[in-house]
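Colleague: Please take a close look at the aromatic rings for me, and then at the part of the chain where helices pack against each other. I am new to this, so please go through the reasoning step by step.

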Amino acid sequence: MNEGMPDEFWQGVEQFNAGQFYACHDTLEALWIEATEPEKTFYQGILQIAVALYHLSNHNLRGAMILLGEGSNRLRRYPSEYGGIDVDELLNQSAALLTALQQTEPEKIAALNLGQDEALPLPRIIQVNNGKD
């Protein structure tokens with residue numbers, strides 16, 4: 001894993017990718033509270049996307065869209081790869097989900113099986129190696 005990021009960060013990434021969005025929020029929020037910049041805003045961006053996905057799972061479409069946008073806006077300040085993850089890929093996946101949410105009728109979104117329906121693919125955090133072994 002990335003030497004610069006604490007184990008709790010990677011725990012949050014695993015929770016995010018496993019669809020445990022509330023647990024991911026709790027894990028990353030604990031890091032965020034204690035962090036300084038530039039990690040503070042980085043953690044906040046990821047945890048806001050996690051909360052967006054949690055809202056989506058509870059059919060809170062408005063909350064999901066707002067937090068997807070806010071989290072993405074925070075992460076846009078970072079390079080393509082940061083903290084051992086592919087930031088651009090997370091941003092691309094989040095933008096695709098936001099667009100799909102904006103273009104799909106709320107009743108249809110509520111009927112979808114989140115995370116398993118190709119119409120609404122959920123973002124995943126991709127780890128990068130950064131050429132370090």
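**Aromatic pairs and a packed pair of helices**

Modeller: There are 9 aromatic pairs in the structure. In one of them, the ring centres of Phe-16 and Phe-21 lie 5.6 Å apart and the planes stand at 85° to each other, so this pair is edge-to-face. Everything described here comes from a predicted model, and the values are computed from that model. A pair of aromatic rings is described by two quantities, the distance of the centres and the angle of the planes. For the step from angle to name, the cut-off is that planes over 60 degrees apart count as edge-to-face. Both partners are covered from the outside: Phe-16, with a relative accessibility of 1%, counts as buried, and Phe-21, at 9%, counts as buried as well.

A second pair is made by Tyr-78 and Tyr-82, whose centres are 4.8 Å apart and whose planes are at 50°, an arrangement called tilted. Tyr-78 has a relative accessible area of 11% and is therefore buried, and Tyr-82 is buried too, with 17%. The reasoning rests on one limit, because buried means under 20% relative accessible area. These two tyrosines also belong to a cluster, in which ring pairs link them with Phe-9, Trp-10, Phe-42 and Tyr-43. A further ring, that of Trp-32, has a charged partner, since Lys-40 lies over its face at 4.7 Å from the ring centre.

It helps to place these rings in the whole chain before turning to the helices. The protein chain has 6 helices and 2 strands, and read from the N terminus on, its elements follow the order α-α-α-α-β-β-α-α. Of its 133 residues, 43% count as buried. Among the contacts with a separation of 6 or more, 62% are between residues 24 or more positions apart.

Now to the helix pair. Two packed helices are described by the angle between their axes and the distance between the axes. Helix α3, which covers residues 39–57, packs against α4 at an angle of about 160°, and the two axes are 7 Å apart. Because an angle over 145 degrees counts as roughly antiparallel, α3 and α4 are roughly antiparallel to each other. Their crossing is left-handed. The contact between them includes Phe-42, Ile-49, Ala-52, His-55 and Leu-56 on the side of α3, and Leu-61, Ala-64, Leu-67 and Leu-75 among those on the side of α4. Phe-42 thus appears in two places, in this contact and in the ring cluster.

Ala-64 shows this packing at the level of one residue. Ala-64 lies in helix α4, which spans residues 61–75, and with a relative accessibility of 1% it counts as buried. Not counting residues up to four places away in sequence, Ala-64 touches Ala-52, His-55 and Leu-56, three residues that α3 brings to the contact. Its C-alpha is also 8.2 Å from that of Ile-49, although the two are 15 residues apart in sequence.

Met-65 is likewise found in helix α4, but it has a relative accessible area of 24% and is therefore partly exposed. Leaving aside neighbours within four places in sequence, Met-65 is in contact with Leu-98, Leu-101 and Gln-102. The C-alpha atoms of Met-65 and Thr-99 are 9.2 Å apart, with their positions 34 residues apart along the chain.

How values were computed:
Residues are numbered from 1 along each chain as its sequence is written. This is a predicted model: local features need pLDDT of at least 70, side-chain atom pairs count only at pLDDT 80 or more; totals for chains, interfaces and linings use all residues. Side-chain values use heavy atoms; hydrogens and water are left out. Helices (H or I, at least four residues) and strands (E, at least two) are DSSP runs, numbered from the N terminus. Buried means under 20% relative accessible area, exposed over 50%, partly exposed in between (1.4 Å probe, protein chains only). Contact means heavy atoms within 4.5 Å. Rings of Phe, Tyr and Trp (its six-membered ring) pair if their centres lie within 6.5 Å; planes under 30 degrees apart count as stacked, over 60 as edge-to-face and the rest as tilted. A charge sits over a ring if NZ of Lys or CZ of Arg is within 6 Å of the ring centre and within 35 degrees of the ring normal. Axes are lines fitted to C-alpha atoms, for helices over the stretch in contact, and angles run from 0 to 180 degrees between N-to-C directions. Angles under 35 degrees count as roughly parallel, over 145 as roughly antiparallel, 65 to 115 as roughly perpendicular and the rest as oblique. A crossing is left-handed if the near helix is turned anticlockwise from the far one by less than a right angle, and right-handed if clockwise.
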